[in-house]
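Open the model in your viewer and keep the selection panel handy. We will go from stop to stop, picking something to select and then looking at what is there.

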Amino acid sequence: MQQTRSVEIGTGLFVLLGMSALFFLTTQTTGGEKFSAVETYEVEAHFENIGSLKSRAPVAMSGVTIGRVTSVSFDPLTLDAKVMLVIDSQYDQIPDDSDASILTSGLLGSQYIGLQAGGSETYLEDGSEIYFTQSAIVLENLIGKFLVNAGSGGD
Amino acid sequence: MRALIRDTYDTVHEFVRTFGAFQLFFLRLLRHSPRIVMRRPGLVVTQIYNSGALSLVIIMVCGFFVGGVLGLQGYSNLARFNAEDSVGAVVALALLKELGPVITALLFAGRAGTALSSEIGLMKATDQLSAMEMMAVNPVRRILVPRFLGGVVAMPFLVAIFTCIGLFGAHIVSVDLLGVDVGAFWQQMQASVDINDVREGVIKSFVFGVVVSLLAVWEGYNAIPTAEGVGRATTRTVVISAIAVLILDFMITAVML
């Protein structure tokens, strides 16, 4: 009897330890999605070039994550990239003339969308579109431009 | 020439037959599993204790040093590119996706797999399994299924513990001893590890748990009932488990990429 008790306690401790280890791994090592708002609204933005922006990338305002990208697709009518993003309903007073730009966290980090507040009296709401957008800075284009400039500057 | 062809044919034939018997054996264990879990959960708990809790020491010690050496190697090699801050990301990805499941499976085969097959083999050699059949007790259900299920349950937990301890070891080596910034260590890790990486490790650990436990039980059950046969079955458990784990690891990684 004593022996089965200690086996049961040992097994219980082992399983608890294993579960807490799994919990630690899923919550602490992965940083990805801190954003998990229940109530959101969806807005649309068109970019000339999205670089390597992916769905689930964060949408940040002043560096604080307030939403995320839900889909990235090519719009055949306007011939540019259409990005859908959801924003936490808690932030429902973002001016509708705010501009969205694709930024990179760190030198070679992942890309995210940064919103810069505008001055309009009307706010973004479900289904509205952000008109002012700035494309991602693509490193290759930048180097290309630099080389062209350096070449012409030398003459 | 004819003899050679016949030998080759016999070998292939025997291999395919064994492989098929192995699959049927797996299905047989699965068929008996729900009843054992429902009616005799105590048997499974005892085996989780034997395979899991008793393997904790070796798993934790090895995990600590594997993590530590990853931290050391990661630091000294990344420092050449002035990227030693990324050591957290490197260690976490390596442990979660590859080293955690694979090394734990190899250790598990050595610690718990051999124990299972020698125990079952010895039961067979001393006619305990036949005695059970005489008493109308199905040895597959009473002996093999709980041991198999115990290993399957224990493996994912062991892998998770191994990985956590490994991270802890890497943290001690790179942050406390080598002076990597603690914030950079965790932030770089969290920025590059995705929930899918954790999922890949969990899937691998589950598959390896099934394979290693199944092989151990199979080898024990089919051991030649002599002292030498039991010894050979134990060796085969470790050898075949190691090969199977490494091949499956490659296949799962290829599928999940």
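Throughout this tour, two residues are in contact, or touch, if their C-beta atoms, placed from the backbone, lie within 7 Å. This is a predicted model, in which local features need pLDDT of at least 70 and side-chain atom pairs count only at pLDDT 80 or more, while totals for chains, interfaces and linings use all residues. Residues are numbered from 1 along each chain as its sequence is written, and chains are lettered from A and ligands numbered from 1 in the order in which they are written.

**Stop 1: W218(B)**

Start by selecting W218(B), which lies in helix α8 of chain B. Helices here are DSSP runs of H or I with at least four residues, strands are runs of E with at least two, and both are numbered from the N terminus. Is W218(B) buried or exposed? W218(B) counts as buried, because it has 25 C-beta neighbours inside 10 Å. The cut-offs are 20 or more other C-beta atoms within 10 Å for buried, 12 or fewer for exposed, and partly exposed in between, with C-beta atoms placed from the backbone.

Now add F22(B) and F25(B) to the selection: W218(B) touches both, leaving aside residues up to four places away in sequence. Then put a distance label from W218(B) to F148(B); they are 70 residues apart along the chain, and their C-alpha atoms are separated by 9.6 Å.

**Stop 2: chain B as a whole**

Zoom out and colour chain B by secondary structure. You should see nine helices and zero strands. Its C-alpha atoms fill a box of roughly 65 × 55 × 30 Å along the principal axes. Of the 257 residues in chain B, 45% are buried. Among contacts between residues at least 6 apart in sequence, 86% join residues at least 24 apart.

**Stop 3: α4 and its partners**

Select α4 (residues 87-125) and α8 (residues 195-221) of chain B, which pack with their axes 8 Å apart at an angle of about 15 degrees. Axes are lines fitted to C-alpha atoms, for helices over the stretch in contact, and angles run from 0 to 180 degrees between N-to-C directions. That angle makes α4(B) roughly parallel to α8(B). For such labels, angles under 35 degrees count as roughly parallel, over 145 as roughly antiparallel, 65 to 115 as roughly perpendicular and the rest as oblique. The residues of the contact of α4(B) with α8(B) include 15 nonpolar, nine polar and six charged. Here Ala, Val, Leu, Ile, Met, Phe, Trp, Tyr, Cys and Pro are nonpolar, Asp, Glu, Lys and Arg are charged, and the others, Gly among them, are polar.

Swap α8 for α7 (residues 182-192) of chain B. The axes of α4(B) and α7(B) come within 7 Å and cross at roughly 50 degrees, and the two helices are therefore oblique to each other. To show the contact as sticks, pick V87(B), G88(B), A89(B), A92(B) and L93(B) on α4(B), plus F185(B), W186(B), Q188(B), M189(B) and S192(B) on α7(B). By class, that contact has seven nonpolar, three polar and no charged residues.

**Stop 4: helix α9**

Next, select residues 227-256 of chain B, helix α9. Which of its residues are buried? They are V230(B), A233(B), T234(B), T237(B), S241(B) and V245(B). What covers them includes α4 and α8 of chain B.

**Stop 5: two exposed spots in chain B**

E133(B) is found in helix α5 (residues 128-134) and is exposed, with 12 other C-beta atoms within 10 Å. A little further on, select A136(B), in the loop between α5 and α6 (139-177) of chain B. A136(B) is not a glycine, yet has a positive phi of about 60 degrees. With 6 C-beta neighbours inside 10 Å, A136(B) counts as exposed.

**Stop 6: chain A and the contact**

Move to chain A, which has two helices and eight strands. Buried residues make up 21% of its 155 residues. Select L79(A), in the loop between β3 (64-75) and β4 (80-88); its phi is near 55 degrees, a positive value in a residue other than glycine.

Finally, show both chains together. The contact takes 18 residues from chain A and 21 residues from chain B. On the side of chain A that touches chain B, eight residues are nonpolar, nine polar and one charged.

Notes: Expected span 1.5 Å × (residues − 1).
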